[in-house]
Amino acid sequence: MRVLAIDPAVRNTGYAVVEGDGHKAVALAFDVISIPDRLPQSAALAAVRTHLRNVIEKHQPDEVAVEGIIYVQSHRTAISMGAARAAALIAAADAGLRVYEYAPMKVKMAVTGKGRADKQQVAFMVRALLGLPETPPHDAADALAIGLAHLQASDPLKAKMLERRQV
């Protein structure tokens, strides 16, 4: 299975394309879509959607996995995160792809064995699990972790632990 995994944010959306199954995976591509602060939010969201549409066209994933909604104390932050997530969901829906979401704690548990692992631990484990030559940027590492969790969720023995949900 080939999956496009997305860690959505308005200014720094991490994405990864991983291929494999619940036992072995390969990173085909990963990066961070960085949008300058000088662009208005609407233009930033359009850029995220366009970039992800291009990634979908290039890599032809079978499915998409995104990070689920996280609790934030600021309403403004929650709305901004929701908008970035919507841009990613629309890019996937336009391509006719099924989209699944995973809670951040479940992704961390799947990759590091600890649901409260910090970003450095996630990046280190992603590098080790995928045999990457260097540690990816945090947003890309988070996307790689989401992709690995999605591949693990395809294993019936691990699926219940990860609680994937189609959106």
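## Surroundings of L144 and the nonpolar cores

Leaving aside neighbours within four places in sequence, L144 contacts A16, V18, A27, F30, V126, L130, L132 and P136. The model described here is predicted. L144 belongs to the largest nonpolar core, a set of 25 residues, and is listed with Y102, V126 and L130 as having the most contacts inside it. Two of these residues, V126 and L130, are also among the contacts of L144 itself.

Several elements build this core: strands β1 (2-7), β2 (12-20) and β5 (98-102), together with helices α3 (104-112), α4 (119-130) and α5 (138-153), each supply at least two residues. Helix α5 gives the most, with 8 residues. A second core, separate from this one, holds 23 residues, including I35, L45, V55 and I56.

## Annotated active-site residues

An unreviewed UniProt entry lists D7, E67 and D139 under "active site". These positions are spread over 133 residues of sequence, yet they cluster in space, with a largest C-alpha distance of 11.3 Å. D7, E67 and D139 are included in the lining of the largest pocket.

E67 lies in strand β4. Its relative accessible area is 16%, under the 20% limit, and E67 is therefore classed as buried. Beyond residues up to four places away in sequence, E67 touches I6, D7, P8, R85, Y102, P104 and I146. This list includes D7, which the UniProt entry also names, and Y102, one of the residues with the most contacts inside the largest core.

D139 is found in helix α5. With a relative accessible area of 23%, D139 is partly exposed, because this value falls between the 20% and 50% limits. Apart from neighbours within four places in sequence, D139 is in contact with D7, N12, G14 and V32. D7 thus appears among the contacts of E67 and among those of D139.

## E63 in strand β4

E63 is placed in strand β4, which covers residues 63-67. At 5% relative accessibility, E63 counts as buried. The side chain of E63 makes a polar contact of 2.7 Å with the side chain of R98, and another of 2.7 Å with the side chain of H150.

Not counting residues up to four places away in sequence, E63 touches M1, R2, V3, L4, L97, R98, Y100, H150 and R164. G147 lies 84 residues from E63 in sequence, while their C-alpha atoms are 10.0 Å apart in space.

## E101 in strand β5

E101 lies in strand β5, one of the elements that supply at least two residues to the largest core. E101 has 11% relative accessibility and counts as buried. Two polar contacts are formed by its side chain: one of 2.7 Å with the side chain of R85, and one of 2.6 Å with the side chain of R165.

With neighbours within four places in sequence left aside, E101 is in contact with V66, G68, I69, R85, E163, R164, R165 and V167. R85 is therefore a polar partner of the E101 side chain and also one of the residues touched by E67. R164 appears among the contacts of E101 and among those of E63.

Conventions: Residues numbered from 1 in each chain as written. Predicted model: local features only at pLDDT ≥ 70, side-chain atom pairs only at ≥ 80, totals over all residues. Heavy atoms only, no water. Helix = DSSP H or I, 4+ residues; strand = E, 2+ residues; numbered from the N terminus. Buried < 20%, exposed > 50% of the residue type's maximum accessible area, 1.4 Å probe, protein only. Contact = heavy atoms within 4.5 Å. Polar contact = N/O pair within 3.5 Å; in protein donor to acceptor, adjacent residues only side chain to side chain. Core = buried A, V, L, I, M, F, W, Y, C linked by side-chain atoms within 4.5 Å. UniProt positions renumbered as here; feature names shortened; annotations may be inferred. 1 Å grid on protein atoms, 1.4 Å probe; cavity = no way out; pocket = protein on both sides within 12 Å on 5 of 7 lines; lining within 4 Å.
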